[in-house]
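The questions below ask why certain terms are used for this structure. Each answer sets a value against its definition.

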Amino acid sequence: MLQNKSFVRKTRQGRVVKVVREHYLRDDIYCGASFCKVCVTSAAKLTPSDSAILVVDTNVVLNQAIPIPTHPRFTLGHIDLLENPGIDGVVLLSVVLDEVKNKNLAVYNRIRALCSNALRKFFVFSNEHHKETYVKAMAGESPNDRNDRAIRVAAQWYQNHLGSTTRVVLITNDRENKRKAIEEGIAAETVDSYVKSLGQPALLDLLVHPPSEDASMMEVEDLRPSKKKVIYTEHKPMSEITSGLHRGIYHQGKLRVNRYNPFEAYVGSESIGDEIIVYGRGNMNRAFDGDIVAVELLPQDQWHTEKSMTIADEDDDEEEDVHLAPGSADDAPRVTNLVPGSGRGVSSVSSRPSGHVVGIIKRNWHSYCGSLEPMPLPAGNGGVAHALFVSKDRRIPKVRIKTRQLGNLLDKRIVVAVDSWDCLSRYPSGHYVRTIGDIGDRDTESEVVLIDNDIDTRPFSAQVLSCLPPLPWSVSSEDLANPIRQDLRHLTVFSVDPPGCKDIDDALHCTALPGGNFEVGVHIADVTNFVHPGTPLDDEATQRGTSVYLVERRIDMLPKPLTEDICSLRADIERLAFSVIWEMTPEAEIISTRYTKSVIKSSAALSYVEAQARMDDSRMTDQVTKDLRNMNKLAKIMRQRRIDRGALTLASAEVKFQIDTETHDPLDIGMYQIREANQMVEEFMLAANISVAEKILNHFPPCSLLRRHPSPTKEMLEPLLRTTAALGLSLDLSSSKALADSLDRAVGDDPYFNKLIRILATRCMSQAVYFCSGDLSPPEFYHYGLAAPLYTHFTSPIRRYADVIVHRLLAASLGIYKLPNIFQDRPQLTSIADNLNYRHRNAQMASRASVELHTIIYFRKRPTDTEGRIVKMRSNGFIVFVPKYGIEGPVYLTLRGEKGGGEWVVDEQQQKVRKIDGSVSYSVLQTVRIHMEVVEPQPNRPKLQLTLL
Amino acid sequence: MSVREWMVGLSAGEKHFIQGGIAQDLRADGRKRLTYRPIYVETGVIPQADGSAKVKMGATEVIASVKLDLARPNPSQPGKGKVSLFVSCSATAGPMFEGRGSEELSAELSVALQRCLLGGKSGAGAAFDPSCLSIVDGKLCWDAYIDGLVVSADGNLLDALGAAIKAALINTRVPVANVPAGASLDEDPDVDLSSQETTRIDTSGVPVIVTLTKVGRHYIVDATSEEESQMSSAVSVSINKERRICGLTKRGGAGLDPSIILDMISVASHVSEQLMNKLDSEIAAAEADEQM
Amino acid sequence: MEYVNPEGIREDGRRPLEMRHLHAEIGTVARADGSAVFEMGNTKVIAAVYGPREVQNRSQQLNDQALVRCEYSMPNFSTGDRMRKPKGDRRSTEISLVIRQTMEACILTHLMPRSQIDIFVQVLSADGGTRSACINAATLALADAGIPMRDLVTSCSAGYLNSTPLLDLSYFEDSAGGPDVTVGILPKLDKVTLLQMDARLPIDIFENVVQLATEGCKAVANYIHEVLLENTKQLEYRRGL
């Protein structure tokens with residue numbers, strides 16, 4: 001075990017607590033070249049066919065710009081380049097990997113994936129533990145210099161080790177390191193010079209464009225010399241920013257760009273305790289969404305200058321597209337003045353502080369999905385062309401790229417990374433990373449949706465899969481003997497889900513008790529029995545946060561065996577569950593609640609339709625049906641009571657596709673029908689969630705994970721009020737109860753009217769969010785929509801990570817397991833909650849985008865005439881909501897660009913648009929007949945168009 | 001010294017032999033009265049400490065460590081770090097140190113060393129200047145904790161501990177703490193310790209301790225525990241390079257004539273020079289060894 | 001945290017099945033009847049044995065076997081953060097007990113009735129695996145004292161991190177919060193005398209980890225044999241044999 005190893009020990013000095021760790025140097029670390037005569041070659045990845053063995057410096061890998069000039073080692077990285085199969089035969093030193101890991105974990109994971117990819121020749125050389133390549137820091141040598149030296153020593157070692165017949169090249173972007181390497185007799189090149197020497201245009205496109213090059217590129221491109229002026233103000237030096245932050249002149253925060261108005265951004269600042277609004281690209285001063293920026297407040301008299309500060313840019317003033325009807329306020333544009341020029345909406349925002357960005361503390365640049373702006377092909381195809389890239393994400397400005405394959409890329413969805421943005425150029429410069437596929441192609445667009453929403457679709461790693469129990473899995477005798485687990489197999493348990501549901505989280509039972517009461521149980525898949533804290537499986541699930549449902553596919557949070565088999569509460573199979581069991585009176589009053597881990601055996605997995613049919617069919621008298629009916633009775637009472645308490649019956653226009661199993665193309669589209677059975681299951685899930693929320697908060701007041709729904713502010717309800725006022729209805733907003741009642745009273749002439757008002761009201765609400773109970777005070781825990789003082793998520797642990805956390809909390813509160821350490825660390829818990837909100841939101845955005853995509857595909861071959869309702873007025877038309885397909889979009893009364901409109905007058909008060917001669921008028925909520933058709937105004941840019949019939 | 005007498009059970013003949021040998025200037029182990037046992041020094045023995053050393057004198061073996069901790073200086077001495085010193089005796093040195101058995105001796109040794117090395121309350125007369133531990137005056141400093149551990153006891157513990165602490169101080173590397181300009185030091189100070197640089201403590205003033213043990217009419221240095229069991233009294237003098245006395249402790253029951261004390265001091269002062277040189281060269285060799 | 005990288009190398013450069021550097025010295029405390037220093041990497045302990053000798057406290061005297069006592073102590077400078085703890089805190093008492101029971105199991109106590117053997121173990125520097133190092137040092141010290149024993153007890157720990165069984169955890173690895181299994185064996189008799197574990201572990205993995213720790217114990221035993229043999233040769237040499 002310890003034979004033939006020579007060890008040299010070193011101790012490292014750490015912080016105040018002197019950390020001493022041993023460091024063993026070895027003689028059994030091999031070079032990884034298959035043709036090496038000395039080393040063991042079993043794990044070798046480098047072959048003689050590679051033109052050279054490339055030893056790469058950290059700056060070649062890292063993808064992050066760090067605006068500290070003292071760190072030349074970390075400039076711009078080329079991870080995209082390395083991922084291209086054109087580059088191979090790469091040695092990654094452990095010193096480089098360590099640096100990458102410390103600076104950027106995402107890049108580290110990508111480079112690790114490359115190293116473990118059997119198709120790629122990337123070899124990791126543990127230079128730090130090799131006795132001949134380990135270097136000790138010399139007196140006065142900075143860690144950076146020491147690491148540089150270690151990289152050079154390793155490169156030198158490779159050259160000596162493999163002999164002169166093999167070419168070893170050190171690739172570095174650090175001039176100093178390159179100079180020293182050449183002095184020491186090591187072949188060294190910069191990435192640019194190396195890639196150029198390979199002569200492959202596809203690789204050249206992947207090069208990062210350093211700022212200096214950008215200026216020269218501008219000269220070539222911009223023929224108008226007058227435009228080469230300073231467009232943005234220079235960023236302040238870091239030292240000035242630091243001292244400015246200290247003195248309170250500048251405010252630090254994360255810049256968030258309005259999803260629907262890229263010229264408006266917010267910086268949440270702790271120092272002034274409010275959001276600072278940044279209007280216009282000029283004030284944003286080259287900051288991207290997600291950047292950590294330093295902001296200076298503008299003088300108060302400039303606080304409402306809004307549009308005038310925007311850099312006039314006609315190109316960016318995009319027209320509205322037909323899109324899915326928003327489900328909540330977060331999906332809808334946060335536009336304050338809907339009718340430009342009316343000037344009335346503006347004054348309402350002037351009280352909020354606005355500012356401008358003076359410096360960027362940390363960039364949030366990554367790669368973006370989109371396409372190139374259509375442009376004519378330059379004459380000499382194959383030469384370098386400059387193109388503008390338009391991201392799908394409207395928050396991202398256009399990006400200038402250089403490409404040698406313009407012809408190929410024009411009708412493609414591509415990924416582009418941003419490299420730099422200097423104050424002379426209007427747009428940032430970036431480089432092409434890869435092609436996803438043809439624009440409009442379903443698979444391509446689906447992938448764009450996923451990338452756009454930062455959804456991890458990679459297969460689960462071997463490490464994650466190794467955490468799964470061996471298959472086939474079944475309930476074991478130990479599980480049954482476990483005293484924490486109650487055997488509930490004798491109960492008639494059943495589940496009710498959408499048809500074809502494979503990840504069955506929840507099941508129910510309802511037994512009539514002798515005294516006339518009922519025992520009602522909600523049984524939830526016992527996911528935490530398989531997902532243990534701190535395992536790679538748990539880490540992965542924490543990161544993913546939720547399963548994502550697209551129209552044609554599902555991206556699981558947990559690996560498939562867990563999702564569809566081991567955890568899923570399938571019919572006629574024994575499964576582990578976590579149960580909430582109530583005793584209820586026939587009036588649905590809860591007498592007692594208990595919680596237990598259990599073993600159940602579901603006797604039926606019903607779909608909503610089946611369950612509904614059983615309840616409605618009076619001939620059926622089997623146990624399951626009887627139980628269903630009892631439950632339904634209870635649920636109706638509970639629902640009514642909830643509504644009486646002020647819960648809102650909100651509505652959204654959810655659509656459903658029928659998908660062709662072969663082609664995955666949508667065959668039919670329609671509104672999702674909600675049945676009593678849905679509401680019944682929902683009611684019990686709500687009750688279980690509320691019961692669990694009470695229990696965990698009671699036990700762990702500072703560290704429970706709950707879900708709250710903030711009350712809507714007056715400002716948010718403004719559009720609804722304007723509409724209802726125009727219709728002569730009045731809404732009482734004083735409480736959710738008052739609002740619910742006034743919604744009930746809002747009945748119009750047609751049956752759909754009330755639902756429409758509810759849909760509009762729903763859109764005004766913000767979304768519910770997860771939070772850590774220690775971060776807020778109890779009144780803020782309130783769930784407005786459900787009118788519940790406490791709420792959490794417990795019932796879907798297979799597809800939501802929040803529920804997994806809540807399961808752990810509940811288990812700990814029952815004394816079954818110890819609370820994992822993570823719950824002691826409040827900041828960490830808060831960051832988990834934040835990530836869950838982020839993932840949740842992204843998952844919803846992705847689902848919506850997927851539905852939008854399929855809607856377009858559906859209508860591509862099926863121009864349709866249908867009925868729509870006007871929901872919003874515009875100066876040149878109105879926005880129509882099409883209930884049947886759940887979409888909305890603009891209908892233009894005057895053609896775009898045809899400025900001379902003038903014919904139509906908007907009456908803001910009445911929410912009406914009227915022809916000047918008074919012959920025709922349209923008012924809000926009016927029914928109109930429209931024609932829907934997919935058109936292609938520009939090649940390969942299909943869009944759905946609505947026209948008035 | 002009840003502990004020591006208990007530990008060394010000597011017969012009358014043995015006692016006589018020891019006393020006689022000392023009178024003849026030929027001690028039981030062959031040494032002269034003013035000769036030391038071989039001294040062996042090793043530094044850096046405790047990797048987790050900021051400075052450490054092990055000193056062996058014959059069968060006596062002691063370890064000293066110096067640990068530094070960030071702290072707020074005492075308001076009355078804003079420009080100085082605090083230094084504290086404790087000694088403990090390991091049970092490995094003998095069953096009488098088991099449990100609480102070592103407390104009395106540990107306390108005695110701690111107080112004697114504090115007197116010899118740390119000087120008075122004002123910090124005057126200390127072995128080294130604690131102002132070298134200051135980082136930001138009145139705001140931030142290093143506190144030094146000096147710990148002595150007796151691993152094996154065969155007499156002359158005080159001198160051995162003194163030597164070990166001296167070696168440990170020389171071995172100490174004080175991390176360079178960079179305080180960012182303008183950083184607030186009033187609460188949790190944000191100190192940059194990332195640089196690998198260290199400084200050293202100026203140890204040129206650290207004295208050596210010489211204990212003269214009076215047995216009969218004579219005094220001896222570096223007494224073994226058998227010899228210590230026969231002493232009438234002992235005088236420990238700490239003397240620095242300039243041959244200035246830094247501290248003085250008299251132990252043992254018998255009273256001494258002041259002139260004898262003065263004589264003992266002058267002998268100690270003479271011996272200290274040899275010990276100092278011997279120790280310095282041993283420490284230098286040990287430090288060079290550790291660098292390897 | 002990545003405790004074993006995909007190249008199969010641990011944070012300190014060892015492979016999963018490798019032990020730290022071992023070093024032992026015999027006879028370091030001159031006045032004790034037997035003593036030894038045992039180092040496993042940066043973990044360093046001294047053990048001293050006094051006895052067999054008269055029982056000090058008559059009430060504890062055993063008429064059919066020797067009384068074995070043990071005291072474990074850890075100075076406040078031995079770990080990264082300096083803490084002042086009184087002697088005889090709970091952890092020390094527990095480790096003292098573990099060492100005493102383990103050593104008692106291998107000392108032929110029936111050969112020395114009405115006598116007392118004291119084992120004092122002093123940690124100088126702690127970097128994971130102190131229990132094991134203490135037992136190994138005590139074994140050597142007992143051998144040095146010439147106390148009759150059934151076999152040389154040796155001990156080693158193993159853990160399980162990143163789905164990999166790891167031999168001889170360092171403090172860094174131990175603080176990862178994974179399981180830490182300490183095993184003590186009588187190598188010649190092939191019997192386990194000590195088995196401790198905190199944390200949860202599936203039973204089949206537990207078996208692997210115990211097996212690994214046992215292999216570690218055997219490697220320690222080989223090393224201890226070498227050290228004793230070398231020591232005996234030195235003694236022979238000094239006696240001029």
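Two helices of chain C

Q: What makes the crossing of α2(C) and α4(C) right-handed or left-handed?
A: The crossing of α2(C) and α4(C) is right-handed, a term for a near helix turned clockwise from the far one by less than a right angle (anticlockwise would be left-handed). The model is predicted: local features need pLDDT of at least 70, side-chain atom pairs count only at pLDDT 80 or more, and totals for chains, interfaces and linings use all residues. Residues are numbered from 1 along each chain as its sequence is written, while chains are lettered from A and ligands numbered from 1 in the order in which they are written.

Q: Why are α2(C) and α4(C) called roughly parallel?
A: Their axes cross at roughly 30°, and angles under 35 degrees count as roughly parallel; α2(C) and α4(C) are therefore given that term. Helix α2 covers residues 130–144 of chain C and helix α4 residues 203–239, and the axes come within 11 Å.

Q: Which residues of α2(C) and α4(C) meet?
A: N136(C), T139(C), L140(C) and A143(C) in α2(C) meet V220(C), I224(C), V227(C) and L228(C) in α4(C); contact requires C-beta atoms, placed from the backbone, within 7 Å.

Q: How many residues of chain C are in contact with chain A?
A: On chain C there are 20, set against 22 residues of chain A.

Q: What share of chain C counts as buried?
A: The share is 51% of 241 residues, where buried requires 20 or more other C-beta atoms within 10 Å of a residue's own.

Notes: Buried ≥ 20, exposed ≤ 12 C-beta atoms within 10 Å, placed from the backbone. Contact = placed C-beta atoms within 7 Å. Axes fitted to C-alpha atoms, helices over the stretch in contact; angles between N-to-C directions. Helix = DSSP H or I, 4+ residues; strand = E, 2+ residues; numbered from the N terminus. Parallel < 35°, antiparallel > 145°, perpendicular 65-115°, else oblique.
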